[in-house]
Every structure is written in C-alpha cells, then in structure tokens.
Amino acid sequence: MTPTPSGLSARLWADNADLAAACLAHPFVTGISDGTLPRERFAGYVAQDAFFLEAFARAYALAVAHSRDRASLEAFADLLAGVREELRLHDSYAARWGIDLAAVEPVAATLAYTDFLLAAASLGDVGLTCAAMTPCMRLYAYLGQALSGRSEETYGEWVTAYAAPEFDGLAATLERLLDRHATDTPAVRRAYRRAMQLELAFFEGACGDGGR
C-alpha cells in the first residue's frame, strides 16, 4: 500500500524515492532477503533497533501529550501499542540468541536518529513529529512487502512482520495524521528527508560502518 496520492505524505514519499531505493538495495537488506547476512550482524542490529524503538515509543507518547483532539490522541496511542508489538518481536530474538537488550550501548548513528526524533517530538508540533516519524513506518512496510515471497527462511520472521497488513495499516494511520496536521513547509520536508537519511545510515551501521 502507498500513501493517498493526493496527500502530503504521498508527495514526501515520492520525493524521497531515491533513499527508499537505496535502502532496498543496501547489502544489509539484500542479506536479509537471501539469508547471507551474518547472524552476528543481525543480532547487533536487533540490539540497536530495540534501543531505537524505545525512543520511537517515547516520541509517540509525546505526540499523545501534544494532541489537541481525541481522534489524534487515540490514533497515536494505537501507534504506540504497535511499537510495543515490535519490541516483543525483538525480545523474542534476544531470548533465542542470548542478547542482553538492557546492556545495549547505542552507537553514533542510533543516537543521531533517536536524538533527532525526540527533539522533533519535544517541540510540540504534531505535524513536524509526524514528518519525523512517518519515514520509518512507511519504509519498513515498503521493505517488508518488497521482500515478501522472495526471502530465505533465515530472516523470514522479520520480513513477515513488516510485510503484514497490520503493519501497513499502522504506517497508513501515521500518514493520515501527517496529512491532517502537517503543511508542506521546508521544515516538514527537511524532517522527512532527514529521517530517511538516518534510516539508510542505520543499515550502513548494521553492516559494520557505525550504527543505525
């Protein structure tokens, strides 16, 4: 599923298609697809991603606090619940592979992304918060759907989680919030593209180049 063609979220996604394509072609993602990604690289990614998702959840909580209408408040609360499900998936990986998520030390790229998200959400501008958070959700739905049906079993659980209609629905919910609360300003465009750049940097770090 893609954003509503007439909405701001669709324009921003289309304008950042170069970064989405770079993420899909990245060795980390192709390694998930063909099963050649070393287990230790994936384990390191899971640990960093769990740290990231905790910050993502806090950004949603700030959006709940800053919401000015009940519909937005409830939508952000539902999105926060979705992050809890992602964290449970990471907990299951950690339990199987002996990863101590409580001892994770975030690397530079992870901190750059979490600092960016929390700074945006702390400003209280719900539209800008949506612009900073939407790329993560839409990108992962895009990657999951692109890899679905052609990925090896090794990382099939990861692909299935992000290819699921339920995850796509969460991404679409955030896009609707973006369309409702944000306007097409340079600040919104910068926030969206910066988030996409930070996603690519995260994959680069997962391959040993410095973190998410």
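This section describes the overall fold of a predicted model, followed by two of its helices and three individual residues.

The chain contains ten helices and zero strands, so that its elements, read from the N terminus, follow the order α-α-α-α-α-α-α-α-α-α. The radius of gyration is 16 Å, close to the 17 Å that the globule rule gives for 212 residues, and the chain is therefore as compact as a globular protein of that length. The C-alpha trace extends over about 45 × 35 × 30 Å along its principal axes. Of the 212 residues, 51% count as buried. The accessible surface comes to about 9200 Å², and carbon and sulfur atoms contribute 54% of that area. Among contacts with a separation of 6 or more, 81% involve residues 24 or more positions apart.

Helix α5 comprises the 28 residues 70-97. At 1.5 Å a residue this helix should span 40 Å, and the separation of 41 Å between its end C-alpha atoms agrees with that expectation. The N-terminal end of α5 is capped by Asp69, a side-chain oxygen of which lies 3.3 Å from the backbone nitrogen of Ala71. Beyond the other end of the helix, Gly98 follows with a positive phi near 70 degrees. The buried residues of α5 include Ser72, Ala75, Phe76, Leu79, Gly82 and Val83, and the list continues with Glu86, Leu87, Leu89, His90, Tyr93 and Ala94. In an α-helix there are 3.6 residues a turn, so residues three or four places apart point the same way. The partners against which the buried residues of α5 pack are α4 (39-66), α7, α8 (156-163) and α9 (165-181).

Contacts of Thr173 illustrate the packing between α5 and α9. Thr173 lies in helix α9 and has a relative accessibility of 19%, so Thr173 counts as buried, the cut-off being under 20%. Apart from neighbours within four places in sequence, Thr173 is in contact with Ala75 and Leu79, both of which are among the buried residues of α5.

Helix α7, one of the packing partners of α5, is formed by residues 126-147. Its 22 residues reach 32 Å from the first C-alpha to the last, close to the 32 Å expected at 1.5 Å a residue. The helix nevertheless bends by about 35 degrees at Met133, and a proline, Pro135, follows within four residues. Most of α7 is covered, with 19 of its 22 residues buried. At the start of the helix, a side-chain oxygen of Asp125 comes to within 3.0 Å of the backbone nitrogen of Gly127. Just after α7, Gly149 adopts a positive phi of about 85 degrees.

Two further buried positions were examined. Val159 is located in helix α8 and counts as buried at 2% relative accessibility. The C-alpha atom of Val159 is separated by 7.9 Å from that of Leu143, although the two residues are 16 residues apart along the chain. Asn16, in contrast to the helical positions above, occupies the loop between α1 (8-15) and α2 (17-24). This loop residue is buried, with a relative accessible area of 3%. When residues up to four places away in sequence are not counted, Asn16 touches Tyr192, Arg193 and Met196.

Note on methods. Residues numbered from 1 in each chain as written. Predicted model: local features only at pLDDT ≥ 70, side-chain atom pairs only at ≥ 80, totals over all residues. Heavy atoms only, no water. Helix = DSSP H or I, 4+ residues; strand = E, 2+ residues; numbered from the N terminus. Expected span 1.5 Å × (residues − 1). Bend = angle between axes of the 7 residues up to and from the residue. Buried < 20%, exposed > 50% of the residue type's maximum accessible area, 1.4 Å probe, protein only. Polar contact = N/O pair within 3.5 Å; in protein donor to acceptor, adjacent residues only side chain to side chain. Rg over C-alpha atoms; globule rule 2.2 N^0.38 Å. Contact = heavy atoms within 4.5 Å. Areas by Shrake-Rupley, 256 points an atom, 1.4 Å probe, with all protein chains shown as cover.
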